[in-house]
Amino acid sequence: NADDGYRLWLKYDLIRDAAKRTTYAQSAQFIALTGNSPILQTAANELQTGLQGLLGKTIPIIANAGNRTGGIVLTLRNTPDAGAGTLNDEGYQIEQRSNIQISAKTDRGVLYGVFALLRYVQTGQSLHRITLTSNPKVRYRLLNHWDNTNGTIERGYAGESLWKWFELPATVDSRYRDYARANASLGINGTVVNNVNASARFMTDEYIEKVAALANVFRNYGIRLYLSIYFPAPKTIGGLKTADPLEPEVKKWWADKTKAIYKAIPDFGGFLVKANSEGEPGPQDYGRTHADGANMLAEALAPYDGVVMWRAFVYKADPKADRFKAAYEEFVPLDGKFNKKVIIQVKNGPIDFQPREPFSPIFGNMPQTPLSMEFQITQEYMGFATHTVFEAPLFKECLDSDTFVKGKGSTVAKVVDGSLHGYNVTAMAGVANTGSDRNWTGNPMAQANWYAFGRLAWDHTLSAEAIAREWVTMSLTSEPKSVQTIINMLLKSRDIYVAYNTPLGLSRPWTGAHFAPEPWQNRSSRPDWTAIYYHRADSAGLGFDRTTTGSNALAQYRPEVQQQWNNVETCPLPYLLWFHHVPWTKKLTNGRTLWDELCVHFYSGADSVRWMQQQWVQVKPAVDPAIFADVAGRLSTQYKEAIWWRDAWVLYLQPFARQPIPAPFKKPD
Ligand code: GCU
């Protein structure tokens, strides 16, 4: 009866220790539900289902606790009493007095409180005198699906789209609900169901009806549905001659379309837009700005509670320009020009979801505009669904980066959560790694990345280790030694990947598929889609000079940040080649030459995958056999591919460097 990974972190297997079960059961003799709404009903049902599995008994749901004690009471507190004052709209409070009270201002808050309580039990914590208040730090917490009408997923590595467009709306797959509960358990409250490279078909009546059927399922879990739009839709499906955002007929088309969407989906969340980016049309085609385009959509949404998420992922096909600078150059001058319903969605780094990037210089530099963080959960540049790369350390590294825009401590997280500039419209989006594979993410370990994104969108102060601990305990095993071994593996996995893939600040050694090593790739339809554009290897050295002698992209950061990176003698090694063209024989801060240091990373990176394999073997007795075998297989492929990466880089760079491979590495594998 092997586990196929379908249940994710919501396994709810019977707690083996009977004494522990009894203790929990004493505090969970009934579930009292006061108030009634579909989401509250969901909350009570989820609690009942979870406890049924964990405790092995059915806990009755009753309408009112009356004088009874020893149960769990779910309540809405719409009156602003002392306790509720510390809660925001989706926060919850859990307290044990004579009963365990889970209370919140909204039904969604109660639902999140229920999942928090279950997480407590799943991770073996005591409920005795539990007292816990938690508020999400960010208001819109979304997954972005890059899913197409034909069922494919752009950059998806776990099968086909979850959405069965050919069957919808009449047939509603039960998996949509399972998807919703997994997200709700993390506090994710919105989902964009279609690709940012959007088909105009999502604006047709045919598709609005299909997505409305999905929204009907998601609603009971507090999840709102959003759509990516194709900017010229008024032309392509509306029959207009233009999509110019300042034309009255275009405005009217979008207003009417928005009205039709809200008729079908009353809690529709809004639009996500990729415009004038990578060939996608947009307002600039009509001599208009991003602000003109975004504001036109915001006006269409004015009568409703919806927002526009306009992406800042733009760059031009100019071989002389530095792509690093492009988004800042286009967007920062527009600060203050956006309608208040507009959020600018910024990728974590200035290029494109690389295994390690400095934070985007846009963060902190648009104080009048809410900025949303866009992370990529799907492993487009991180070995697809084969390589084990736990992303929480990457997410944290960016969120904890200091922009210094209002002095020390002005972290990216404080920009995103609105506290630095006082935005109240705040958002975080994660490009999903889910698909039709039974285990949702292809690699069972990649479930941890979905989990980590959701937890950090709720609370960016959680540590990567705490998140790993929760996920491992709920998803794989609670045997303490194995838990520790897997956490250790996960926490090191991203640096291991970086070491054999893009060490010392290298980036983007790929062609279009973004999978195999191709640092030599020098031809493409666009100069900035070659690998050599990024690493700049030549006989003098390696790396992209972004200081004053080069593109001076560093000038987009505050002086304190520039100081960290602009001196080749002191720049931290993980960022070195992001900012400097470094001679091959230059002695680095640790005494090694650049060439030797690169070799150390490539070789030890590949060796470390071996180490991960050895760690994984040790946990075999503690994890499900099917999951064990699945991950073991992927790790062995990862090892093969890490060697492939190592050798490709070393053999490609060596003729430039004209240096021998350092002696310790010259042994056969
Ligand atoms: C990357 C990715 C594309 C995607 C784009 C985006 O470049 O490779 O597939 O469309 O990002 O985020 O818009």
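Here is a walk through this predicted model, one selection at a time.

**Stop 1: the domains**

Start by colouring the chain by its domain assignment, which gives domain 1 (18-134), domain 2 (140-463) and domain 3 (498-665). If you place a marker at the C-alpha centres of domain 1 and domain 3, you will find the two 48 Å apart.

**Stop 2: the sheet with β1, β3 and β5**

Now select residues 31-33, 72-76 and 100-104. The run 31-33 is strand β1, and it joins β3 (residues 72-76) in parallel through 3 bridges. Look across that pairing and you will see Leu 33 opposite Leu 74 of β3. On to the next neighbour: β3 also pairs with β5 (residues 100-104), again in the parallel sense, over 5 bridges. Val 73 has Gln 101 as its bridge partner in β5, and Thr 75 stands opposite Ser 103 in β5.

Widen the view to take in the whole sheet. What is the order of its 6 strands? Reading across this open sheet, you pass β2-β1-β3-β5-β4-β6, and the pairing is mixed. The edges are β2 (61-62) and β6 (131-134); each has a single partner strand, so one side of each is left without a neighbour in the sheet.

**Stop 3: β9, β10 and β11**

Next, select residues 224-229, 270-273 and 307-311. Strand β9 (residues 224-229) runs parallel to β10 (residues 270-273), with 4 bridges between them. One place to zoom in is Tyr 226, which stands opposite Gly 270 in β10. Parallel pairing continues from β10 to β11 (residues 307-311), also by 4 bridges, and here Leu 272 faces Met 309 of β11.

**Stop 4: the nonpolar core**

Keep Leu 297 in view. Which residues does Leu 297 contact, leaving aside its neighbours within four places in sequence? They are Trp 254, Phe 271, Val 273 and Val 308. Leu 297 belongs to the largest nonpolar core, a set of 207 residues, in which Leu 74, Val 273, Leu 297, Val 308 and Ala 468 touch the most other members. The largest share of this core comes from helix α19 (residues 594-618), which supplies 10 residues. You have already met Leu 74, opposite Leu 33 at the β1 and β3 pairing.

**Stop 5: around the ligand**

Show the ligand, then add the residues that surround it: Glu 154, Arg 155, Val 196, Asn 197, Lys 274, Glu 278, Phe 313, Asp 352 and Glu 380. Try colouring this shell by residue class; it divides into 2 nonpolar, 1 polar and 6 charged residues.

**Stop 6: helix α11**

Select residues 392-399 for helix α11, which is mostly covered, with 7 of its 8 residues buried. The buried ones are Ala 392, Pro 393, Leu 394, Phe 395, Lys 396, Cys 398 and Leu 399. What do they pack against? Display β13 (371-376), α12 (412-416), α13 (447-458), α14 (464-475) and α15 (480-501), and you have the elements that the buried residues of α11 pack against.

**Stop 7: Ser 475**

Finish on Ser 475, in helix α14. Is Ser 475 buried or exposed? It counts as buried because it has 24 C-beta neighbours inside 10 Å, and the cut-off for buried is 20 or more. Leaving aside neighbours within four places in sequence, Ser 475 is in contact with Leu 8, Trp 9, Lys 11 and Gln 447. For a last distance, pick the C-alpha atoms of Ser 475 and Lys 274: they are 201 residues apart along the chain and separated by 35 Å.

Note on methods
Residues are numbered from 1 along each chain as its sequence is written. This is a predicted model: local features need pLDDT of at least 70, side-chain atom pairs count only at pLDDT 80 or more; totals for chains, interfaces and linings use all residues. Domain bounds come from an automatic or database domain assignment. A residue is near a molecule or strand if its C-beta atom, placed from the backbone, lies within 6 Å of it. Ala, Val, Leu, Ile, Met, Phe, Trp, Tyr, Cys and Pro count as nonpolar, Asp, Glu, Lys and Arg as charged, and the others, Gly among them, as polar. A residue is buried if 20 or more other C-beta atoms lie within 10 Å of its own, exposed if 12 or fewer, and partly exposed in between; C-beta atoms are placed from the backbone. Helices (H or I, at least four residues) and strands (E, at least two) are DSSP runs, numbered from the N terminus. Two residues are in contact if their C-beta atoms, placed from the backbone, lie within 7 Å. A nonpolar core is a set of buried Ala, Val, Leu, Ile, Met, Phe, Trp, Tyr and Cys residues joined through C-beta atoms within 7 Å. Two strands pair if DSSP finds at least two bridges between them.
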